[in-house]
Every structure is written in structure tokens, then in C-alpha cells.
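Student: I am new to this structure and would like a close look at a single part of it. Please take the first chain as written, go through how its pieces are arranged, and end with what lies beyond it.

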Amino acid sequence: MIHFRCVTRTYGTHVAVRELELSVAEGEVLALLGHNGAGKSTSLKMLVGLLRPSSGVVEVGGHDVIQHRREVSRLIGYVPDQPYLYEKLSGREFLQFVADMYGMTSAESREAVEREVDRFELTEFLDQLAESYSHGMRQRTVFAAALIHQPKILVVDEPMVGLDPFSIRLVKDLLRTYANKGNTVLMSTHTLSIAEEIADRVSVMRNGELVFDGTVGQLRQELPAAGESLESLYLALMKE
Amino acid sequence: MSDVIQSTDLDLDHLCERLPSHEREGQVFWKLRSRIGRNQLKYLLTESRLRTGLVVGLSLLFWIGLFALFYSGFTFVVSQVGLPGVREHAQTVRFVFTLFFVSLQVMLVFSAGIILYGGLYASPETVLLMVLPIRDERLVFYRFQEALFFSSWGFFLLASPMMVAYGLAVSAPWYYYAYLPALMIAFAYIPCALGAIACLLLLSRIPHMRRIIVGGAAVAVSAIAYHSIWSTLDIAGADVLGASWFLETFRRFEFTRGEWLPSTWLSNGLLDAARPQSPDPTDLPWVESGKYLVVLLSNALILHLAVLWTGKRLFRESYSGLHSRQARVVHLQLSWIDRVADRLMGMFSRDTRLLIIKDLRLFRRDPVQWSQFLIFFGLLLLYFANVDRFRQHRSDVSVLAWVNVVSFLNLAVVGLILSTFTTRFIYPLISLEGHRFWILGRLPVERDTILWGKFLFAACGSWVPCAGLVLVSDIMLDVKLLVVVVHQVICLLLCIGLSGMAVGLGALMPNFSDPSPSKIAAGFGGTLNLVLSALYILLVVLLTALPCHFYLLATTSEMPSKLLKGEYLNLWLGAGIGFSIAIAVIVTVVPMRLGLKAFRQLEV
């Protein structure tokens with residue numbers, strides 16, 4: 001479903017992502033791991049069309065994200081690390097705006113909003129202005145907006161930062177259930193326990209390069225002395 | 001989890017066919033704007049009534065003041081050069097209009113380009129919109145509309161009273177007023193669209209040079225404007241406003257009347273609409289004016305298409321290019337400014353010095369703060385450095401009176417600009433500490449020291465440039481030593497009072513929920529601080545300006561009243577200064593005491 005084909009991205013002379021080759025299949029949850037500055041967020045931004053690769057191609061559903069941006073954006077739902085909400089709109093108005101931009105009719109839009117409101121339990125604050133929302137409320141609203149058009153792919157940058165335990169449970173369940181229905185999830189995260197719990201596969205980046213791509217079991221085989229948990233395996237991999 | 005997501009029927013072509021059309025995207029954006037506007041209006045009318053009332057009231061006052069000024073000016077012009085239709089009238093008014101509109105035209109190009117840059121390349125909202133299936137040209141146009149609005153509202157506020165005043169002064173026919181809005185909107189669109197296109201081209205071709213190019217262009221335009229004004233005024237004193245001066249000035253500004261300039265089309269359109277029907281039946285003023293309106297409209301529409309076309313082709317590429325720059329790593333060391341400041345503040349305790357230097361560093365490293373400071377005070381310096389026209393007739397009592405009035409007005413202007421800075425940058429200081437209060441709160445420093453540190457930082461930091469500016473004004477106006485001394489005393493009182501008020505009220509009414517200093521300053525406390533500051537400035541300046549004014553007049557001419565004799569005037573002057581000092585003490589001590597009390601009990 002997602003293919004990074006020899007993708008390189010530079011910032012001036014600094015290479016943020018170097019010749020990245022990575023694929024994510026339908027029905028898969030892939031956790032992208034790495035230290036700060038490893039190139040995770042840059043890779044996700046190239047995937048959703050915010051940045052262009054310096055070289056190489058990013059494909060979604062067989063479409064080049066640069067050449068077919070609108071088509072690709074129909075397939076993707078994106079939750080950025082610093083989500084934006086209009087402070088002077090209520091959650092409902094924001095969700096309706098996003099639904100309208102995906103070309104939904106009024107009836108479809110209402111139905112989609114109700115569906116996401118139920119899923120993320122937004123009823124309590126849905127008609128308040130977003131300026132009064134806590135971080136958790138904001139994050140749940142942004143998740144709802146990312147899923148309003150029922151995309152095939154969900155791209156999430158640091159989904160758990162600042163969330164309360166209730167919201168974390170909600171998001172974890174969502175990501176797993178979502179992929180079980182044949183959709184694709186690509187998330188960048190520092191929360192290794194959650195990656196271990198819900199990801200089918202982990203990809204580890206270091207200094208812009210992919211240093212590991214496989215299951216946690218495969219990583220254990222590769223680093224037999226490093227321990228059992230993803231945390232110890234990850235730290236051992238980074239020391240290499 | 002309520003239900004599971006239904007897998008979409010992945011016929012992508014079918015899905016994409018359902019994406020909104022160009023027009024529908026526009027409608028959705030209008031819906032978004034109207035919802036935000038409605039919610040914002042509701043907020044302003046319920047939560048921010050003081051600020052809203054103040055802004056509306058002052059804008060109306062400003063509009064009426066400008067209207068009265070322009071009306072009397074145009075009435076004078078009509079009395080001197082006749083009504084529209086007379087050749088001299090057309091030449092004179094065309095000179096004024098073209099000069100006025102060409103200046104605003106240049107400003108609109110810059111402001112629209114800069115505002116579009118902020119909205120399109122540096123806004124988190126753009127990131128949200130870029131990942132939605134919105135056409136790039138629609139996204140650019142959505143942002144351009146904002147740039148158009150924010151850059152041209154000042155133009156409408158300035159130009160509308162002028163145009164209405166002209167229409168009334170020359171008894172213009174009804175179609176003058178009918179054409180007026182269309183002419184102004186079409187005109188404003190053209191420079192704004194040019195600014196937007198320039199912004200997109202600059203960002204797509206040479207993003208790393210954007211600041212240098214915009215800064216260089218701004219300096220070049222300022223230099224041309226400065227040279228034009230200087231050379232206009234640099235004519236022998238006796239000639240100013242005389243026939244030869246007027247002809248020379250008229251010739252010098254020939255370039256503002258170029259036939260290809262939108263400002264000329266607007267001026268000609270207005271002049272034609274205002275003139276009466278001539279005896280020639282084929283000469284129809286409303287048709288002639290309509291032709292200029294059509295020229296303006298057609299150019300605006302072509303540029304509208306050019307903005308869309310440029311946005312479609314360049315925006316995403318330029319966005320990516322701009323965000324491809326390598327982050328600049330700045331290695332900071334103890335600057336010489338900090339060392340000098342540390343030595344100059346030797347009389348304060350070490351804790352206070354450290355807190356002041358911390359605030360000084362934050363100020364120095366925030367271009368938003370010092371650039372605004374530099375622009376406003378730089379413009380004032382430019383004006384003060386050229387305000388010596390009164391010198392040539394200083395033996396004349398009426399001119400002497402004007403010199404005195406202007407010198408006090410200059411002092412008031414310095415104070416008013418300082419009050420906007422204390423409101424915008426000093427008032428939010430305590431609120432901004434909220435998020436990092438755990439650092440200050442846990443330090444072995446008295447809370448009073450923190451607040452006094454901010455007060456001293458504001459008072460000392462503002463006193464040096466303000467005193468310098470007032471001194472330049474006084475030197476250029478060649479006022480008497482007494483006035484210089486009085487001005488310096490008042491300047492010091494203003495700096496202390498305004499700083500005390502901003503720091504004290506900022507601590508008394510902190511806003512820890514908003515991270516933006518501009519939003520904090522725009523709240524109730526900030527607005528109150530601005531209003532009280534303006535009242536304080538007016539009161540202090542008037543209390544000293546009036547006695548000083550009469551004192552100077554009395555020593556140079558015969559004054560009729562007994563109360564204006566020397567002994568009374570000394571009393572007046574002493575009392576004025578005494579009252580000013582007393583008011584300064586009150587506006588410093590009362591807010592600071594209230595602020596200190598609130599700050600000691602503060603829990604974040």
C-alpha cells in the first residue's frame with residue numbers, strides 16, 4: 001500500500017533521510033522508531049505530501065504522491081505531532097469542515113461526524129470552542145478528523161504524547177482494530193511499549209538510514225543477547 | 001470502541017470524482033470563514049466588550065478627524081483653484097491624489113506579500129490544509145484573501161474619509177459615490193496581487209535570500225521617499241508653498257502620475273466622476289470615469305488569475321523548498337551588551353541584575369520585539385531629525401508658540417509609542433512567565449525581586465532611547481534650555497510611570513492560558529493598560545506644556561492678563577511639574593503595590 005523507493009531528503013547539506021526503501025502492506029501496523037532527528041517525521045511528511053523527496057519516489061496505492069496529490073490525500077488520514085485546530089470553531093464545526101473538503105454531502109457529513117463522535121467519545125465537549133480543549137480532547141478530535149473520510153491509510157506522528165490513560169487505551173484499540181479491518185497504519189513513536197504491543201512490524205531509523213525492518217521476533221533473533229523487550233533490543237541496536 | 005471502520009470501496013477514481021469542485025472548495029472556505037467570524041464576533045461582544053468598544057470608537061474618531069481635516073483642505077483648494085472642471089483644480093487635486101495613492105500602492109505591495117508569507121509558509125493552519133484534498137491554487141487564494149483584507153483595511157480607513165470629503169467639498173454627483181467603492185476595491189486588489197505573486201516567486205526561486213531582498217527593497221523605497229521629501233523641503237524658506245516651489249514640486253513628482261500606474265487610473269477615475277457635465281454633449285463624465293473603473297477591474301481580474309496560476313504552479317514546490325533549509329545552529333556566548341548592562345546596573349542587587357539580563361537576552365533574541373521598536377523609533381528619529389523648519393522664523397511670536405507646541409507634541413508622541421510597547425511587550429511579561437514559573441518560583445529569589453527586576457528592565461530600557469529622541473527633537477527645534485530640562489524630566493516620569501503600570505497591571509491580571517503575547521496584550525488587562533497609559537501621558541504632558549507655553553510667550557511678548565505675569569507663571573510651571581511628579585508616583589506605586597501583592601500570592 002505504501003512504498004518508499006530509494007527516497008532521499010536533504011536539508012541543505014544535511015541528509016535527513018538517505019535512500020529509504022520501505023513498504024507497508026494492507027492490514028499492517030508499522031511502527032517507525034528512532035532517536036530525535038533520525039528522519040521519522042521527515043519520512044511521514046513526504047508520505048502525506050508536505051515535503052518533496054530530494055530524490056526517489058513515494059507511492060501510495062500505486063500513485064506517486066507528488067503527481068497525484070489529491071487522489072493520494074483521499075486515501076490517507078494524517079495525525080501530525082503538533083495538531084492544529086481552529087480555536088474559534090467547535091469540534092463539530094471543525095469535523096464538518098473536514099468532511100466538506102472531502103466532498104461529502106450534508107447527510108453523509110452528519111453521519112460521519114456522529115460515527116467519529118461515538119468512536120472517540122467527543123459528545124461532552126463537541127459543541128464547545130476548541131480554545132477550551134485540553135491536549136487529550138484536541139488529540140481525539142484530530143484523530144476523528146483524520147478518520148472522517150474512512151481512509152485506507154492512517155499516518156500518525158507521535159500518537160501518545162500527552163494523552164491520559166483513557167485516551168491512550170482508546171487510540172491503541174483504534175489503531176489495532178483499524179488495521180484488522182484491512183487498513184494500513186504507519187506510526188512514528190518513541191513509546192516502545194506501545195509499538196511492541198500493537199505493531200506487526202517495526203522499522204528503526206538512525207541518522208536518516210533504515211537500520212532494521214522486521215518483526216520484534218526477528219529483532220530478537222538478530223540481537224539474541226540484548227534481552228526480550230523491544231526497549232532493550234532498540235537500545236542495543238542503537239549502540240551498534 | 002463504538003463500531004469498526006467500514007472498509008471503503010476502493011475505486012479511487014470514483015472517490016476522487018466526488019472530491020469538491022473548485023467552486024465548492026470556495027464555498028466551503030466561505031462557510032469556514034463565516035463560522036469563525038460569527039464565533040469571533042460573539043466572543044468580542046460578550047468577553048471583550050471594552051476592547052471592541054475602544055477599537056470601534058477610536059476608529060470612528062480617527063475617521064471623523066481625518067474627514068474633517070480633508071474636508072477643510074479640499075474646501076481651501078476649491079476656494080483657491082476653483083471647482084472640478086477647471087484645469088488648475090484638476091492639476092492640483094491630481095497631484096495630491098496620485099502622490100497619496102502611489103505611496104499606498106507601494107505599501108500594499110509590501111504588506112500583502114509579507115502577510116501572505118506569514119499565512120502561507122509559517123502557519124500551522126497551512127499544514128492542516130495541505131494534507132486535505134484542497135487544490136493548491138484554492139489554498140493560496142484562501143490565504144491571499146486574508147492578506148488582502150489585513151493589508152488593505154488601513155488603506156480604506158485612510159482613503160475613504162479623504163474621498164468622501166472630496167466628494168462633499170466639490171458637490172460631486174451621485175455616481176461619484178456609486179463608483180467610489182468599486183474603484184477603491186479594484187485598485188487595492190492590484191498591488192496586493194502583485195505583492196502575492198512577488199512573494200510566491202521569491203519563495204520558489206531564492207527562498208534563502210527572501211529577507212535580504214525584502215529588506216533591501218524596503219530600504220530602497222524608504223530612501224527614495226526620504227530623498228523626495230527632503231528635496232521638496234530643501235528650498236529656501238521664503239519659497240515654501242509659493243508658486244515656484246509648487247511648480248518645482250509638481251515637476252519633481254512627475255513619476256507618480258505615470259499613465260501605467262493603477263494609482264493614476266484611480267485618481268483620474270475619481271476626478272472624472274467628480275467633475276460636472278461640460279457643455280460638450282459627447283463628454284460624459286460618468287462614462288470617462290467608468291472607463292478607468294473598467295481598466296482597474298480588468299487588471300485586477302487578470303492579476304487574480306495570475307495569483308491562482310502562480311499559486312498552482314509554485315506554492316507546494318516553494319513550501320518544500322523553504323522547509324529544505326538546514327537549521328541554523330547559533331552558538332551563543334556572553335555578549336558585550338550583557339557585560340555592559342551588568343556594569344551599568346552595578347547599584348542593583350546581583351539577583352535583580354541577573355533577572356534584568358535574562359529579560360534583556362530574551363528581548364535581544366526576539367526579532368519581533370526589537371524590529372518593531374527599531375521601526376517605530378527609527379521613523380520618529382527620521383521625523384525629528386527633519387523637523388527644523390520652524391527655526392527660520394523664530395523671532396516671530398506665533399512661530400515660537402508653534403515650536404513650543406510641536407516640541408510637546410513630539411514628547412507626547414514618544415510617550416504614546418512607548419505606551420504601545422509597554423502594553424505589547426512589558427504587560428505580558430508576567431503572564432508569559434506562567435509556563436516557566438516553576439523555574440522562577442523555585443529559585444532562592446524573593447518574588448518582589450522578580451517584579452522589580454522587570455520594572456527596572458522596562459524603565460531603564462525605555463528611558464535611554466526615549467530621552468535621546470526627545471533631545472534630538474529639542475535640538476532640531478532649537479527650543480530654550482528650560483523646555484529641554486522640562487522635557488527630560490517628563491520623559492523620565494513617563495518611562496517610570498508607564499513601566500510601573502504595565503508591570504503592576506500585568507502581575508495583577510495575569511493570563512496564563514494564552515501563550516501568545518499579542519493575545520495577552522489584546523485582552524481586558526492589556527486594553528485597560530493602554531487606555532490608562534494614554535490618559536497618563538496626556539495629563540502629564542498637558543500639565544507641563546500649558547504653563548511652559550504661556551511662560552515662553554510671556555517672556556517674549558506683552559501678555560494681557562495679570563495671571564500670566566512672571567510670578568504667577570513660575571508658580572504655574574512649578575505646580576505643573578509638581579503635579580506631574582505626584583501623578584507619576586501614583587501610577588507607578590499603586591499598580592506596583594497591587595501587582596506585588598497579587599504576585600506574592602500567585603499559584604500557577
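Tutor: Helices and strands here are DSSP runs, with at least four residues for a helix (H or I) and at least two for a strand (E), and they are numbered from the N terminus. By that definition, Cys6(A) lies in strand E1 of chain A. The model is a predicted one.

Cys6(A) is a useful place to begin. Its phi is positive, about 50 degrees, although the residue is not a glycine. A residue is called exposed if 12 or fewer other C-beta atoms lie within 10 Å of its own. Cys6(A) has 12 C-beta neighbours inside 10 Å, so it counts as exposed.

The strand that holds Cys6(A) belongs to a sheet. Strand E1 of chain A covers residues 2–11, and its antiparallel pairing with E2(A) runs over 7 bridges. Within that pairing, Arg9(A) stands opposite Val17(A), a residue of E2(A). The sheet as a whole is open and has 4 strands of chain A, in the order E2-E1-E4-E5, with antiparallel pairing. Its edges are strand E2 (14–24) and strand E5 (63–64) of chain A, each of which pairs on one side only. A helix packs on this sheet: H1 of chain A, residues 40–47, touches E1, E2 and strand E4 (55–60) of chain A. The direction of that helix makes about 120 degrees with the direction of E1(A).

Chain A has another sheet to consider. It is open and built from 6 strands of chain A in the order E6-E7-E8-E3-E9-E10, and here the pairing is mixed. E6 and strand E10 (209–214) of chain A have a single partner strand each, so one side of each is left without a neighbour in the sheet. From one strand to the next, the twist averages 15 degrees.

Two of the pairings can be followed residue by residue. Strand E6 (residues 76–79) of chain A runs parallel to strand E7 (residues 153–157) of chain A, joined over 4 bridges. Tyr78(A) stands opposite Val155(A) of E7(A). Although E6(A) stands at an edge of the sheet, both of its faces are covered. Ile76(A) and Tyr78(A) are buried on one side, and Gly77(A) and Val79(A) are buried on the other. The other pairing joins strand E3 (residues 29–34) of chain A to strand E9 (residues 201–206) of chain A, again in parallel, by 5 bridges. There Ala31(A) stands opposite Val202(A) of E9(A).

This sheet also has a helix lying across it. Helix H6 of chain A, residues 165–180, crosses E3, E7 and strand E8 (184–188) of chain A, and runs at about 145 degrees to E8(A).

Now for chain A as a whole. Its secondary structure comes to 9 helices and 10 strands. The radius of gyration is 18 Å, close to the 18 Å that the globule rule gives for 240 residues, so chain A is as compact as a globular protein of that length. Along the principal axes, the C-alpha atoms of chain A fill a box of roughly 55 × 40 × 35 Å. Of the 240 residues, 49% count as buried. Among contacts in chain A with a separation of 6 or more, 67% come from residues 24 or more positions apart.

What lies beyond chain A is chain B: 44 residues of chain A are in contact with 36 residues of chain B. On the side of chain B that touches chain A, helix H1 (12–17), helix H2 (22–46) and helix H5 (124–131) of chain B each supply at least two residues. That side of chain B divides into 21 nonpolar, 10 polar and 5 charged residues.

One helix of chain B can be described further. Helix H19 (residues 481–508) of chain B has 28 residues and reaches 40 Å from its first C-alpha to its last, close to the 40 Å expected at 1.5 Å a residue. Of those 28 residues, 20 are buried, so H19(B) is largely enclosed by the rest of the structure. Asp478(B) lies in the loop between helix H18 (447–477) and H19 of chain B. Like the cysteine discussed at the start, Asp478(B) is a residue other than glycine with a positive phi, near 55 degrees. Asp478(B) has 12 C-beta neighbours inside 10 Å, so it too counts as exposed.

Terms used: Residues numbered from 1 in each chain as written. Chains lettered and ligands numbered in written order. Predicted model: local features only at pLDDT ≥ 70, side-chain atom pairs only at ≥ 80, totals over all residues. Pairing = 2+ DSSP bridges. Contact = placed C-beta atoms within 7 Å. Axes fitted to C-alpha atoms, helices over the stretch in contact; angles between N-to-C directions. Nonpolar A, V, L, I, M, F, W, Y, C, P; charged D, E, K, R; others polar. Rg over C-alpha atoms; globule rule 2.2 N^0.38 Å. Expected span 1.5 Å × (residues − 1).
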